[in-house]
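Q: Could you take me through one strand in the middle of this model, and then work outwards to whatever it connects with? I'd like the neighbours and the burial, please.

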Amino acid sequence: MSDGHREFINASERERLRIDVRGIVQGVGFRPFVFRLASDLGLWGWVRNDAHGVIIEVEGPSQDVRGFTDALSKQAPPLATLDEVRVTSVPLTGARAFVIQPSDIERDGCVPISPDIATCDDCLRELFDPADRRHRYPFTNCTNCGPRLTIVEGVPYDRPRTTMKKFPLCPRCRAEYANPRDRRFHAQPNACPVCGPKPWLRPASGLEGQFVEGELAIMEARRLLVGGAILAMKGLGGFHLACDATNARSVATLRTRKGRVDKPFALMVRDLEAARRLCHVDDKEASLLTSPRRPIVLLTRREESPVVPDVAPGLRRLGVMLPHTPLHHLILEQRGVDDCVALVMTSGNLSEEPIAIDNDEALDRLEKLADHFLLHDRDIGVRCDDSVAVVLDGRSAVIRRSRGYAPFPVHLPFDVRPTLSCGGELKSTFCLATDRYAFLSQHIGDLENAETLESFEQGVERYRELFRLTPRVVAYDLHPDYLASRYARQLGQRDSSLRLVPVQHHHAHMASCMAENGLSGPMIGVIWDGTGYGPDGAVWGGEFLVGDYRDVERVAHLSYVPMPGGDVSTRRPSRMTLSYLRQSFGPDYLGVVGELLPRLDAVEVGVVDRLLATGFNSPLTSSAGRLFDAVAALLGVRDTVTYEGQAAIELEMLAHEDEAGCYPFALEAPLPSHPPEPESLFSHSEPFSRHPGPLFCHPGPFSPHPGPLFCHSEPQRRISPLVVPEEASPQVGTPSSLQQGDPSLRLRMTGQRTGEESMTGQSSADESVTGRKPGDESMRGQRTDAESLSDPTDRSDQSDRSDACQLIGHCPLVLDMAPTIRAIVEEMRRSVDRATIAARFHNTLAGAIEQVCMRVHERTGLERVVLSGGVFQNRLLLHRTLAGLRARGFQVFIQTAVPCNDGGLSLGQVVVAHARTAEH
């Protein structure tokens, strides 16, 4: 409709609407999309960014205006995400044009920021088009791709608030930037060879080589990589260390220099076809590999793959990614038969340090790791490592959430107050949340040193600035010695108005899975991982919980075994083997050790035996991760580890996936020491599991290992409730300063053996809890008295524990794997194939999970189960568990958008803290 004809439209047929859009709508081409849509419809008005999202006012014939609002969601740019669209009528103005207004800068407001996006197809065509002015320019980008989070310094997201501000646009780039119909309209990283960043190559200090710039630098870098050199390359969110993945000497040299003994390296290949030459790639994996996020994807390698075994020692899977920047595309460009098939592309750091992001920092920290440096002058504002993902249960699941994903928000099922959560220690992340947005940070790393803590603190401050959030609630892990927890408590000491909420580790895992899936109400949580601080002072990790966001009850757990030497056992799985053998065979277990494990050092075996006999420095653990360690070492897979989860990963790699057999296990219930608690909110009058002796030893749906299905031959042990000094841990159900002072400790703490029945062989009650003698403080954070367990800085809800937590009763089931260990030993004596044993072990665990969930269902009626914790990164265990639970009629939920490992803890802490402080 022409403007001339529009003049004669009756005012009653026209309308003007104000449209407030929230979501990922800045830096993704949303304003130019709005401009083009309005212009094509002949509408008037304006659009602008503000600190909350995008505001639009549009005026014209009512029919066209309504068509405009419908098209906003249906035709939005591919990178845009519209979370909320509010439409209100406003007075007509009689405007005669549609314009893009300057951004409205406000002091308050929170707007999501787009993650970094891999090079789009349009930019890729230009990159390799000799006629294009950006031909072979390594920083080509547009509104649909390129850096976002890693260059942003403030909001609204405009060029002056990015690290690109130091590169003034040349006339041609400025014309693109100002043209609403150009795909580079307001593309903040927009640049070209005339006005943009430039690369250069230089040798490491003391090594021979030339200083070269531009295209020559990239060509020389390719030549050096083919020749076996190790390069430090500056990427989007930090430096990579790169070498030829088919060159055994280069890979071995990189391992030695980086101090990375066995942990697998990531690979980068030029395209999907190259990935398929190295690995088996199905359609789901191909889609994940080629997605705009470009994560590292875990794939099953082909036997004929030319990648040297040292890239991923002992593993059948390789972590593979495709190029995500023009620079990477140029480095991997196919130019001849001598090209690198695949490059190792691992984080530019020494082991356990943050990834380097600054040129001078890299030249200093990586000087002894790299032979040459491929640098550029576009600064990195936010440190951001590569993401890692895998296809699980037919869906893509994030294992490490970073580049391409962060800071894309997780949408919460309810509004929350401004909250900061600090995560855990391993795979550290933090989370800032407000309203229904939870901004989960990129992967920080293992928070075990000052350098990583500094990176963590810098990240928190940058997110607070970007999202303009001032937290009023701070949540953190219950472990008293985690650096993140200390950081949280220090914030509370500096600001007494902050509400501090400590959250038990496995409750946070459960809540994280619930929040990601938008769940509410009580449900079953199967939370299996390596380490989590338990309210009883033990190391938890094989937990079955029932509850909701506010409260949970521990209804079952793996039986406690000592960890001889404390943290040393996490690095020496053979110690856990000795512990499980002693639990399974009693004091005569050394005969089994001598028969099946003669390779173990006799001196260390003697030391461990004394630790187990005395309980000295041997805290108790229910960890599923330590159980995997024990079986891995028992089968000779791995006696020592050099990275977290190594033994369990290699045990999974060993297992025959088509094996259906399994082993016996025992499911026991301790006897109550006092009458059952008042009836819970469920209508079952019988308290949960008060029967002595084994209830189950059933393989579940997995048929058919010969031998007993039930452990009738096992002696029926009665496990008495925990007996501890009255001042240390009062009986459950009685008032206590512990229960009143710290709601995060409101979990059941019965089910451990008494002092005289303790596996440590000691009669002292507090030894039975901690596995060490009174006064021994060698195990970090293992406290036993109520005074030390209660956090004096906690200023969260002090009210009585809600009925939502009192679902089951006071006697948690104990899942005893001693029958499984004995069966494995018997099969080893019969020389059964190790791969068969490994598979049956996985099947047994899946069957045990099924049986426990069935028992919980019988007493509660609950049919929804969430699975979380790092152990469920094990694909074989996860698939077996999902199949068994679904066959029983359970609704089962897993994590895909957020890591199920400790990288997802911070999300769970947010929603638990909200549930505990909402009423205040």
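A: Let's start at a bridge: Ala 266 stands opposite Gly 319 in S13. Everything here comes from a predicted model, where local features need pLDDT of at least 70, side-chain atom pairs count only at pLDDT 80 or more, and totals for chains, interfaces and linings use all residues. Residues are numbered from 1 along each chain as its sequence is written, and side-chain values use heavy atoms, with hydrogens and water left out.

Strand S13 covers residues 317–321 (helices, H or I with at least four residues, and strands, E with at least two, are DSSP runs numbered from the N terminus). S13 pairs with strand S10 (residues 266–268) in the parallel sense, over 3 bridges; two strands pair if DSSP finds at least two bridges between them. S13 also has strand S12 (residues 296–301), running antiparallel and joined by 4 bridges. Gly 319 turns up here too, as the bridge partner of Leu 298.

How many of the residues of S13 are buried? It's 5 of its 5, where buried means under 20% relative accessible area, exposed over 50% and partly exposed in between (1.4 Å probe, protein chains only). In a regular strand the side chains alternate between the two faces of the sheet. Arg 317, Gly 319 and Met 321 sit on one side of S13, Leu 318 and Val 320 on the other, and both faces are covered.

From Val 320 we can step into the nonpolar cores (sets of buried Ala, Val, Leu, Ile, Met, Phe, Trp, Tyr and Cys residues joined through side-chain atoms within 4.5 Å). The largest has 104 residues, and Val 526, Trp 528 and Leu 867 have the most contacts inside it. Its largest share, 12 residues, comes from helix H25 (residues 834–860). Val 320 belongs to another core lying apart from that one, with 46 residues, including Trp 200, Ala 232 and Val 281.

Trp 200 leads on to Val 212. Leaving aside neighbours within four places in sequence, Val 212 is in contact (heavy atoms within 4.5 Å) with Trp 200, Leu 201, Ala 217 and Glu 220. Val 212 lies in strand S7 (residues 212–213) and counts as buried at a relative accessible area of 15%. Pro 199 is 13 residues away along the chain, with 8.8 Å between the two C-alpha atoms.

Back in the territory of helices, look at H16 (residues 573–585) and H24 (residues 818–829). They pack at about 100°, their axes 9 Å apart (axes are lines fitted to C-alpha atoms, for helices over the stretch in contact, and angles run from 0 to 180 degrees between N-to-C directions). That makes the two helices roughly perpendicular; the label covers 65 to 115 degrees, while under 35 is roughly parallel, over 145 roughly antiparallel and the rest oblique. From H16, Tyr 580, Leu 581, Gln 583, Ser 584 and Phe 585 meet Ala 818, Ile 821, Arg 822 and Val 825 of H24.

H24 also holds Thr 820, which is buried at 0% relative accessibility. Beyond its neighbours within four places in sequence, Thr 820 is in contact with Tyr 663, Pro 664, Phe 665, Phe 841 and Thr 844.
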